[in-house]
Amino acid sequence: MLKIFKTRNEWLNFKETSNIQNLGFVPTMGNLHLGHLSLIEESFKHHSQALISIFVNPTQFNSAEDLKNYPRTLSADLELLESLMKNYQDRELFVFAPHDKSEVYPQDFDTQIIPGRLAEKLCGAYRPGHFSGVCSVVYCLLKLAGATAAYFGEKDFQQYLIIKKMADDLALPTKIISCPLIRDARGLALSSRNNRLNESQKEQALKLHYSLKSLLSLLEHQGITNAWDKRKEIMSEDKNFEYLEILDAKDLENCHDQTEHYIIAGAYYVGGVRLIDNITYKRGKKRDA
Ligand code: AMP
């Protein structure tokens, strides 16, 4: 069953008058794909009811052009959710799809959450204010949802770490859970931005994934110094990389040969579209390659 809410009051009134005890929450910006659905599916493993929000948050975009071009496909999103729910007849899915930003940010909203050191690295170094926009909207949405747990994809690993830290630091009652990154059959990380690429650009975009994999292989078999050398080589040969980094996945600080959990992450431009991807690697245990 799918139930759609266009205003915060509709949702809050419904929540107050319904018996919702153990809700899972999945915040998104819409243009849904299997990556988003995997978060709902994970939530359904733990909660019989889930709320998904579909809201393109203007405050996390660095360019007006990017905000304008962000795909908004609400009817297709709802169809996809309807078809997902055929597999979950005994579950309930609520959709919060505000028709206006005032449904998320109260009138005259004038508060920002400024994340700390984690937001200085990777994407944060190139997108000033982005993670402040993310934290502020996620805080508002978490309060509105009032869920037991919220599910975030490791596609945006840095975002997950920052939100987890915010929730811990501010003692938010919602548990923050990470879920694996979902790729297509070739290895391309699913992203709403992929819709802006043609087939040959998608092929080109795989360069990002292959580069991460080659660094992973060096890291596993030859150690961090060789991986760093290769990283330098890749970056100097292909100027489409915005960054390509190997860091400690725990705190995004510098890593070394004894680091337990690494993240290899990159941002890459194809046809003016900015794509991100990452692989995390626990020493002695490989995943998601
Ligand atoms: P977005 O709509 O891009 O803001 O993403 C909403 C949520 O879906 C975030 O927690 C993302 O990390 C997650 N997500 C997006 N793409 C993927 C993917 N390919 N695999 C797993 N999670 C994803």
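In which strand does aspartate 248 lie? In this predicted model, aspartate 248 belongs to strand E7, which covers residues 241-248. The relative accessible area of aspartate 248 is 10%, and because buried means under 20%, this residue counts as buried. Once residues up to four places away in sequence are set aside, aspartate 248 touches Glu253, Asn254, Cys255, Thr259, His261 and Ile263.

A good place to continue is strand E3. This strand runs over residues 49-54, and 6 of its 6 residues are buried, so E3 is largely enclosed by the rest of the structure. In a regular strand, side chains alternate between the two faces of the sheet. In E3, Gln49, Leu51 and Ser53 point one way, while Ala50, Ile52 and Ile54 point the other way. Both sets are made up of buried residues.

E3 has parallel pairings with E2 and with E4. With E2, the parallel pairing extends over 6 bridges, and threonine 28 stands opposite isoleucine 54 of E3. With strand E4 (residues 92-96), the pairing is again parallel and counts 5 bridges; here the bridge partner of serine 53 is phenylalanine 96 in E4. The connection from E2 to E3 involves helix H2, and E2, H2 and E3 together make a right-handed β-α-β unit.

Proline 27 offers a closer view of this region. Its place is in strand E2, and with a relative accessible area of 18% proline 27 is buried. Proline 27 and isoleucine 52 are separated by 25 residues in sequence, yet their C-alpha atoms are 5.6 Å apart in space. Leaving aside neighbours within four places in sequence, the contacts of proline 27 are Ser53, Leu141, Tyr151 and Phe152.

A further β-α-β unit is found later in the chain. E5, H7 and E6 form this unit, and its hand is right-handed. E5 and strand E6 (residues 175-179) pair in the parallel sense over 5 bridges, with alanine 150 opposite isoleucine 176 in E6. The loop between H7 and E6 holds alanine 171, whose phi is near 50°, a positive value in a residue other than glycine. Most residues other than glycine have a negative phi. Alanine 171 is exposed, with a relative accessible area of 63%.

Leucine 122 also has a positive phi in a residue other than glycine, near 40°. Leucine 122 has its place in helix H5, and at 6% relative accessibility it counts as buried. The two residues thus sit in opposite settings, because leucine 122 is buried and alanine 171 is exposed.

Attention now turns to the empty space within the model. Rolling a probe the size of a water molecule over the atoms shows where such space is left. The count comes to 2 cavities of 30 Å³ or more. The largest cavity has a volume of about 890 Å³. It is lined by 49 residues, of which Met29, Tyr70, Lys155, Asp156 and Gln159 are the closest to its centre. By class, this lining divides into 26 nonpolar, 16 polar and 7 charged residues.

Several elements help to build the wall of the largest cavity. Among those that each supply at least two lining residues are strands E2 (23-28) and E5 (149-153), together with helices H2 (34-46) and H7 (157-169). Helices H5 (122-126) and H6 (130-145) also contribute in this way, as do strands E8 (261-270) and E9 (273-282). H6 gives the most to this lining, with 6 residues.

The second largest cavity has a volume of about 70 Å³. Its lining consists of Gly187, Leu188, Ala189, Asn194, Ala205, Leu208, His209, Leu275, Ile276 and Asp277. Helix H8 (199-222) and E9 each provide at least two of these lining residues. By class, the lining of the second largest cavity has 6 nonpolar, 3 polar and 1 charged residues.

Pockets complete the account. The largest pocket has a volume of about 290 Å³. Of the 19 residues that line this pocket, Ile54, Phe55, Val56, Arg72 and Pro98 are the closest to its centre. Its lining contains 10 nonpolar, 4 polar and 5 charged residues. Ile54 also links this pocket to the strands described above, as one of the buried residues of E3 and the residue opposite threonine 28.

Methods: Residues numbered from 1 in each chain as written. Predicted model: local features only at pLDDT ≥ 70, side-chain atom pairs only at ≥ 80, totals over all residues. Heavy atoms only, no water. 1 Å grid on protein atoms, 1.4 Å probe; cavity = no way out; pocket = protein on both sides within 12 Å on 5 of 7 lines; lining within 4 Å. Points joined across faces, edges and corners; volume = space filled by probe spheres on them. Helix = DSSP H or I, 4+ residues; strand = E, 2+ residues; numbered from the N terminus. Nonpolar A, V, L, I, M, F, W, Y, C, P; charged D, E, K, R; others polar. Pairing = 2+ DSSP bridges. Right-handed = clockwise from strand over helix to strand, strands pointing away. Buried < 20%, exposed > 50% of the residue type's maximum accessible area, 1.4 Å probe, protein only. Contact = heavy atoms within 4.5 Å.
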